[in-house]
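This report covers chain symmetry, an internal cavity and the contacts with one DNA strand. The sequence and structure come first.

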There are 2 protein chains.
Amino acid sequence: MKNKSLVNMPCPVARSLEHVGEWWNILILREALLGVSRFDDFQNHLGIATSTLAKRLNALVESGLLARRQYCEKPPRDEYVITKKGLDFRPVLLTLMQWGNTYYADGEPMIQLVDTETNQAVDLMLVDRNTQVEIDPQRHQSQPRPAADDMIKARFEASSAAVAMPQQGPVDQYLKT
Amino acid sequence: MKNKSLVNMPCPVARSLEHVGEWWNILILREALLGVSRFDDFQNHLGIATSTLAKRLNALVESGLLARRQYCEKPPRDEYVITKKGLDFRPVLLTLMQWGNTYYADGEPMIQLVDTETNQAVDLMLVDRNTQVEIDPQRHQSQPRPAADDMIKARFEASSAAVAMPQQGPVDQYLKT
DNA sequence: CAGTATCCTGTCCGATACTG
DNA sequence: CAGTATCGGACAGGATACTG
């Protein structure tokens, strides 16, 4: 995306995308969450151009998702480690991974989240910490909060408050894959 | 991303990005999940160019995340409704939204997921459906499955099996924001 | 209202070459 | 090993104009 108009958008999704929206950022983050920290490792695992990698790495440090840390002084060498903010991004990656495994794994998934204590594959579920109830499109809906400006509120009144879910439910005709 | 090299990547994240990687796709999906279905509504809410919108909408239909449905015959009119595959993408959007609310809401978040039965803001938590245990980077780790090819397995043995999390934990120095 | 067609610009990204 | 510098191509996406 080139224009800055989205910066003005008071939507957390849009704002998040400002920082992790580009492909490589997400893939680099995935590697970092797997423990990769060296420039060369990122490069080899991802097959990314070095110039691009340097740029993305800088952007991620800038955004506070990674931190640069010198691990060697003699010849100054830096590595990139995940920050708390980056670690908090893990659930996004994991749900994305599960979605990808559901729809884009030919046959058996190749990579999967595993519970190291039981050695069982993990089946992710999103719940409300307050009620322990699984998130459900019917029950849990996006709403403007008090802090929202009139523009947002108007939007919700006009379009989605009454139709938080499509009236006739999702169409399955495209689901053969 | 212009090159097709990622298609070969046997990673569900990379594959997912093939289909939803571009900004607008995610934002359009967000709108669709809020119940928006008309071309004009997408356009007004997002401030996207019509030509771009048409292209993205077609791509999303192509990917099976949205379905085109004729809702009027006299002048043929189409609308775009979310499919099951698209609905399954909602957890990704929600975790992304929560992350954005955590780090990019100046003060109070403007939009939030609400439990319509209790009228309380939802606090998302990712758990393993099998054990009901919250996902934890230490306990729940990505691993190659039997279906994985040697390349993937080699990667895990070499780099991350032993260091699924950075040895010294996340660095917090950049967390002031 | 729901698009299509055309033009144009920004920039993401790869390739290549070079540095401490 | 960990980058920086430069060049060039592909393409996303905006602006505008036009159609049924």
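The text below takes up the two protein chains, then the cavity, then DNA strand C.

The model is predicted: local features need pLDDT of at least 70, side-chain atom pairs count only at pLDDT 80 or more, and totals for chains, interfaces and linings use all residues. Residues are numbered from 1 along each chain as its sequence is written, chains are lettered from A and ligands numbered from 1 in the order in which they are written, and side-chain values use heavy atoms, with hydrogens and water left out.

**Symmetry**

Chain B is superposed on chain A by a rotation of 180 degrees with 0.0 Å of shift along its axis (RMSD 0.0 Å); the fit is by least squares on the C-alpha atoms of residues with pLDDT of at least 70 in both. This is the relation of a two-fold axis. B:Leu126 has the C-alpha nearest the axis in chain B, at 2.4 Å. Of the interface residues of chain B, 99% are also interface residues in chain A, so the copies meet through the same surface (contact means heavy atoms within 4.5 Å).

**Cavity**

There are three cavities of 30 Å³ or more; a cavity is a set of points on a 1 Å grid over the protein atoms alone where a 1.4 Å probe fits but cannot get out, and lining residues have an atom within 4 Å of a point. The largest has a volume of about 120 Å³, the volume being the space filled by probe spheres set on the points. Its lining has 13 residues, and those nearest the centre are A:Ile26, A:Val92, B:Ile26, B:Val92 and B:Leu96. The lining residues are 13 nonpolar, no polar and no charged. Helix 6 of chain B contributes the most to this lining, with three residues (helices are DSSP runs of H or I, at least four residues).

**DNA strand C**

Strand C is surrounded by 23 residues, the closest being A:Ser51, B:Phe39, B:Thr50, B:Tyr71 and B:Tyr80; near means a heavy atom within 4 Å. Of the strand atoms within 4 Å of the protein, 68% belong to sugar or phosphate and the rest to bases. The surface near the strand divides into eight nonpolar, five polar and ten charged residues, and helix 5 of chain A gives the most to it, with five residues.

The table lists polar contacts, which are pairs of N or O atoms within 3.5 Å.

| Side chain | Atom of DNA strand C | Distance |
|---|---|---|
| B:Arg38 | phosphate oxygen | 3.2 Å |
| B:Thr50 | base oxygen | 3.1 Å |
| B:Tyr71 | phosphate oxygen | 2.6 Å |

Notes: 1 Å grid on protein atoms, 1.4 Å probe; cavity = no way out; pocket = protein on both sides within 12 Å on 5 of 7 lines; lining within 4 Å. Helix = DSSP H or I, 4+ residues; strand = E, 2+ residues; numbered from the N terminus. Nonpolar A, V, L, I, M, F, W, Y, C, P; charged D, E, K, R; others polar. Polar contact = N/O pair within 3.5 Å; in protein donor to acceptor, adjacent residues only side chain to side chain.
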